[in-house]
Protein chains: 2
Amino acid sequence: MYVIIVYDIKVERVNKVKGFLRKHLYWIQNSVFEGEVTKSELEEIKTGLLDIINKKDDSVIIYRFRTDDAFTRKVLGVEKAPINGIL
Amino acid sequence: MYVIIVYDIKVERVNKVKGFLRKHLYWIQNSVFEGEVTKSELEEIKTGLLDIINKKDDSVIIYRFRTDDAFTRKVLGVEKAPINGIL
């Protein structure tokens, strides 16, 4: 399956979240990651994030799709990570 | 169609972007909006954003779907905007 993860994390934990997500997904924009994952990888990601974040202060949204055919992506302005070239 | 818009905008323009997107979509998280739009509304949103942002500094990603059935949304931590209650 394919996931888009967006987060709003307090500054003291944001690098830890970024470092963790980089192991599993592609960095797309300041606080956005994307990528293809298996079901068990997704569980690993959720568990890992819950270990890092403070549930009262931080917020992570995981959008899940069957495949990346489910959407189109259009960038206005700076294309920070050239994912179209990677995938 | 349904859109998710995520942005990374310099602080001096971020409130203008937020105010503009609020007119068309639901605020979901710090820099994430979502909502159902028509094709012409989406064009209006793109044009409006391009008027506000600095294309060399700012970045906006528009994910477009046929409907919101295309994905599931899971929130870890703070659920900032109770969109499930709204829609």
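**Group meeting: a predicted two-chain model**

Let's start with one residue. A:Gln29 is buried, because its relative accessible area is just 1%, and buried means under 20%. Keep in mind that this is a predicted model.

Where does A:Gln29 sit? It lies in strand 2 of chain A, residues 26-29. What does A:Gln29 touch, once residues up to four places away in sequence are left out? The list is B:Val6, B:Tyr7, B:Asp8, B:Ser59, B:Val60 and B:Ile61.

Now the Gln29 of chain B. B:Gln29 has a bridge partner in strand 3 of chain B, and that partner is B:Val32. Strand 2 of chain B covers residues 26-29, and strand 3 covers residues 32-36. They run antiparallel, joined by 3 bridges. A hairpin of 2 residues links strand 2 of chain B to strand 3 of chain B.

Next, how the chains relate. Rotate by 180°, with 0.0 Å of shift along the axis, and chain A superposes on chain B at an RMSD of 0.0 Å. That is a two-fold axis relation. Both copies use the same surface: 100% of the contact residues of chain A recur in chain B. Which residue of chain A comes closest to the rotation axis? A:Ala70, with its C-alpha at 3.1 Å.

On to the annotated position. UniProt, in an unreviewed entry, lists A:Asp8 under "binding site". A:Asp8 is in strand 1 of chain A, residues 2-8. Is A:Asp8 buried or exposed? Its relative accessibility is 16%, so A:Asp8 counts as buried. Leave aside neighbours within four places in sequence. A:Asp8 then contacts A:Asp57, A:Asp58 and A:Ser59, and across in chain B it contacts B:Gln29, B:Asn30 and B:Lys80.

Compare A:Glu41. This residue is in helix 2 of chain A, residues 39-52. At 25% relative accessibility, A:Glu41 counts as partly exposed. Outside its neighbours within four places in sequence, A:Glu41 is in contact with A:His24 and A:Glu36. A:Phe20 is 21 residues from A:Glu41 along the chain, and their C-alpha atoms are 12 Å apart.

Now the helices of chain B. Helix 1 first. Its 12 residues should span 16 Å at 1.5 Å a residue, and the end C-alpha atoms are 17 Å apart, which agrees. Which residues of helix 1 of chain B are buried? They are B:Arg13, B:Val14, B:Val17, B:Lys18, B:Phe20 and B:Leu21. These cover an arc of only 165° around the axis, so they lie on the same side of helix 1 of chain B. On the other side, B:Glu12, B:Asn15, B:Lys16 and B:Arg22 are exposed. The cover over the buried residues of helix 1 of chain B includes strand 1, strand 2, strand 3 and helix 2 of chain B.

Then helix 2 of chain B, residues 39-52. It has 14 residues, with an expected span of 20 Å at 1.5 Å a residue, and its end C-alpha atoms are 20 Å apart, so the two agree. Here the buried residues are B:Leu42, B:Ile45, B:Lys46, B:Gly48, B:Leu49 and B:Ile52. Their arc is only 165° around the axis, so they too share one side of helix 2 of chain B. Exposed on the other side are B:Lys39, B:Ser40 and B:Asp51. What covers the buried residues of helix 2 of chain B? From chain B, the cover includes strand 1, helix 1 and strand 4. From chain A, it includes strand 5, residues 72-77.

Key
Residues numbered from 1 in each chain as written. Chains lettered and ligands numbered in written order. Predicted model: local features only at pLDDT ≥ 70, side-chain atom pairs only at ≥ 80, totals over all residues. Heavy atoms only, no water. Least-squares fit on C-alpha atoms with pLDDT ≥ 70 in both. Contact = heavy atoms within 4.5 Å. UniProt positions renumbered as here; feature names shortened; annotations may be inferred. Helix = DSSP H or I, 4+ residues; strand = E, 2+ residues; numbered from the N terminus. Buried < 20%, exposed > 50% of the residue type's maximum accessible area, 1.4 Å probe, protein only. Pairing = 2+ DSSP bridges. Expected span 1.5 Å × (residues − 1). Arc of directions from axis to C-beta.
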